[in-house]
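Please look through the structure shown here before reading on. The report is meant for someone meeting this protein for the first time.

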Amino acid sequence: MLVTEINTSFTHDLMNVYVMFDKNLPRAADRVAEKAVYKLAELVRGRIKGRAGLTRWPAHPKGTRTTSEPGTPPARITSHLLDSVYIDDIHGAAGASRRTFFATVNVDAEYAWKQEEGFYNSQWNRDIPARPFMQPAYDWLMETDKADRVMDWAAQHIGEAWSNG
């Protein structure tokens, strides 16, 4: 099998997207794997920033009650959180039997984890419920056929690189 595994991991305010494939593939296949990882990361970033993510709820002025319900992505006060979502460089690593490429979808906003996980606000003396925006993107990628389509594309192009390599 050319592509041995696709996986994502989600922690705090980082989401890693991994593509693992047979180590014996020609190096020409590395470029295809990098493109596949980037496509997957773009899907995740697009979902976070898209209609079902940070732009779903209308903006509200600072200091007013949020328009988003607990458990849904946060409503926008400024565009800082939205603008802080980015894809890190693609990295590669080699193991005994396979090579792995991964990209990280990251959020730079210092308060991102508070939105994602909820927190206790000592100033207001109350719990602020979670308004996750990354976890739903992770769930969406795992539940749809989008990742499978990218991996089918990668397997086809890696196969072509193998035959031409």
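What follows is a short report on the fold, the core, one helix, one residue and the main pocket.

The model is predicted, and its secondary structure comes to five helices and seven strands. Followed along the sequence, these elements are arranged in the pattern β-β-α-α-β-β-β-α-β-β-α-α. Of the 165 residues of the protein, 38% count as buried, and the exposed area is about 9,200 Å², of which carbon and sulfur atoms supply 48%. Among contacts with a separation of 6 or more, 59% are between residues 24 or more positions apart.

The largest nonpolar core has 30 residues, and those with the most contacts inside it are Ile 48, Leu 54, Leu 81, Val 105, Val 107 and Phe 133. Several elements, including helix 2, strand 5 and helix 4, each supply at least two residues of this core, while helix 1 gives the most to it, with nine residues. In soluble globular proteins, nonpolar side chains tend to be buried together.

Helix 1 covers residues 28-49, and because each residue should add 1.5 Å, its 22 residues should span 32 Å, which agrees with the 32 Å between its end C-alpha atoms. The buried residues of helix 1 include Val 32, Ala 36, Leu 40 and Val 44. An α-helix has 3.6 residues a turn, so residues three or four places apart point the same way.

Val 150 is found in helix 5, and because its relative accessibility is 10%, below the 20% cut-off, it counts as buried. Leaving aside neighbours within four places in sequence, Val 150 is in contact with Ala 36, Lys 39, Leu 40 and Leu 43. Val 150 and Lys 35 are 115 residues apart in sequence, yet their C-alpha atoms are 9.4 Å apart in space.

The largest pocket has a volume of about 980 Å³. Of the 30 residues that line this pocket, the closest to its centre are His 60, Thr 66, Ile 77, Gln 115 and Trp 124. Strand 7 gives the most to the lining, with three residues, and the table lists some of the elements that each supply at least two residues of it.

| Element | Residues | Supplied to the pocket lining |
|---|---|---|
| Helix 3 | 112-117 | at least two residues |
| Strand 6 | 119-121 | at least two residues |
| Strand 7 | 126-128 | at least two residues |

Helix 2 also supplies at least two residues of the lining of the largest pocket, and helix 2 likewise supplies at least two residues of the largest nonpolar core.

Technical notes
Residues numbered from 1 in each chain as written. Predicted model: local features only at pLDDT ≥ 70, side-chain atom pairs only at ≥ 80, totals over all residues. Heavy atoms only, no water. Helix = DSSP H or I, 4+ residues; strand = E, 2+ residues; numbered from the N terminus. Expected span 1.5 Å × (residues − 1). Buried < 20%, exposed > 50% of the residue type's maximum accessible area, 1.4 Å probe, protein only. Core = buried A, V, L, I, M, F, W, Y, C linked by side-chain atoms within 4.5 Å. Contact = heavy atoms within 4.5 Å. Areas by Shrake-Rupley, 256 points an atom, 1.4 Å probe, with all protein chains shown as cover. 1 Å grid on protein atoms, 1.4 Å probe; cavity = no way out; pocket = protein on both sides within 12 Å on 5 of 7 lines; lining within 4 Å. Points joined across faces, edges and corners; volume = space filled by probe spheres on them.
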